[in-house]
Amino acid sequence: MTAERIAPVIAALPVPVLLIGQDDRVRASNDAVTAILGPNLVGNHYITAIRQPAVIAAVAETRMQRISRHVRFTGRDGANDTIYRVAVAMAGDDIALTFEDQTAAEAVGQMRRDFVANVSHELRTPLTALLGFIETLNGAARDDPEARDRFLGIMSDEANRMTRLVDDLLSLSRVEEDERVRPREQVDLGGLLSSVIKALEPQASAAGNTVALEIEAAGTMVPGDAGQLVQVFSNLIENAIKYGAQGGAVTVTLKPRKMYPRLRGEAVQIIVADNGEGIPTHHIARLTERFYRVDSHRSREVGGTGLGLAIVKHIINRHRGRLLIESEVGNGTNVSIFLPISQGAGVAS
Ligand code: ADP
């Protein structure tokens, strides 16, 4: 086919395609490939457009052997690397390069590998401790009742840690499963908050903390999933107790409904405030990532799994609400949840 006839065909294709002639010059390209390799491709030697040795070698080998192959190509999209699988195939006497964007698929694969590595690591730590104590109890500490009691106490803590982790993992996967289905129940937020605070009283008094509830708008109802909202506020208030100041004061405030930026329609704000050590600004954006912690040692010490805020984020997304973490080192942390008042409102999904 002549260049005049083939160019419009290539130009019409939605996938990025580059056609290289026998003279190694680009015979045809399209907008999709220009977005990856840059403009003014046609007529130039293909090496000026693709400077990656693996692709250049694949083109040369395909021409010699007349056998198609695939090769990896790394592009750049703003500040991010993009990854393409490029099919290099004979097209008559020309060579056609077709680019397939693999960036999202690779990112998902990497996330899955990271997740499995994180879970394994989190489970291995308590397991190693348990195995160590079992061995000690079978040997050196067999006839030492005092040591036995102490070790059994630690073993029970470690086993509880594993249970919490598995519970949180299951919660996370359940929450992800129904994230697209908007909750329809009407929930009385004031009642829900006071029952969560009541349930956490023993934990607060053990930490020497007080938790106060300030309801500025009584009888506020929002469309929601009561069980999930209990989980959200339990996680946030527990964090305020765990990371708040020793003997500190936690305040939970339910604000009246009003319009907020980034939310369509009216919403209520619930603020969980503590006067703890606060969170350095550069950590804040990452706190909702699974297993992300400011201080892993501290989190484990207070029984954290690193999954609490990830669960909160997913539940709030399901409610089309917003999570906002504001903190100042030395001055404590305010975590706000914005929940839309009516079904149609909320963050656009
Ligand atoms: P964890 O189980 O470790 O508490 P979360 O996902 O609930 O996991 O929180 C992630 C991290 O965010 C915690 O490890 C802690 O470093 C930080 N964090 C959360 N809430 C607070 C808070 N109120 N004050 C200070 N740091 C906090």
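## Strands S7, S9 and S11

Strand S7, residues 210–215, pairs with strand S9, residues 249–254, in the parallel sense, and 6 bridges join the two. The model described here is predicted. Within this pairing, Leu213 is placed opposite Val252 of S9.

S9 also pairs with strand S11, which covers residues 266–274; here the sense is antiparallel and the bridges number 4. Thr253 faces Ile271 of S11 across this pairing. S9 thus has a parallel pairing with S7 and an antiparallel pairing with S11.

## The ligand site

The space that the ligand takes up is the largest pocket. Two elements each give two or more residues to the shell around the ligand: helix H8, spanning 226–243, and helix H11, spanning 308–318. H8 supplies the largest share, with 3 residues.

There are 17 residues around the ligand, and those that come nearest are Tyr243, Ser299, Thr305, Gly306 and Leu309. By residue class, the shell holds 7 nonpolar, 7 polar and 3 charged residues.

## Polar contacts of the ligand

Ser299 and Thr305, both among the residues that come nearest to the ligand, also take part in polar contacts with ligand oxygen. For Ser299, a polar atom of the side chain is 2.6 Å from an oxygen atom of the ligand. For Thr305 the polar atom belongs to the backbone, and its distance to an oxygen atom of the ligand is 2.7 Å. In Lys242, an N or O atom of the side chain lies 3.2 Å from an oxygen atom of the ligand.

The ligand taken alone exposes 540 Å², of which the protein buries 95%.

## Strands S1, S4 and S5

Strand S5, residues 94–101, has two antiparallel pairings described here. One is with strand S1, residues 17–20, through 4 bridges. In that pairing, Val17 has Thr98 of S5 as its bridge partner.

The other is with strand S4, residues 80–91, where 8 bridges join the antiparallel strands. Ala91 is found opposite Asp94 of S5. S4 and S5 make a hairpin that has 2 residues between the strands. One residue in the turn, Gly92, has a positive phi of about 65°.

Methods. Residues are numbered from 1 along each chain as its sequence is written. This is a predicted model: local features need pLDDT of at least 70, side-chain atom pairs count only at pLDDT 80 or more; totals for chains, interfaces and linings use all residues. Side-chain values use heavy atoms; hydrogens and water are left out. Two strands pair if DSSP finds at least two bridges between them. A residue is near a molecule or strand if one of its heavy atoms lies within 4 Å of it. A polar contact is a pair of N or O atoms within 3.5 Å; within protein, one must be able to donate a hydrogen and the other to accept it, and residues adjacent in sequence count only if both atoms are side-chain atoms. Accessible areas come from the Shrake-Rupley method with a 1.4 Å probe; for residues, only the protein chains shown count as cover. On a 1 Å grid over the protein atoms alone, a cavity is a set of points where a 1.4 Å probe fits but cannot get out, and a pocket is an open set with protein on both sides within 12 Å along at least five of seven lines; lining residues have an atom within 4 Å of a point. A molecule sits in a cavity or pocket if more than half of its atoms lie within 2 Å of its grid points. Ala, Val, Leu, Ile, Met, Phe, Trp, Tyr, Cys and Pro count as nonpolar, Asp, Glu, Lys and Arg as charged, and the others, Gly among them, as polar.
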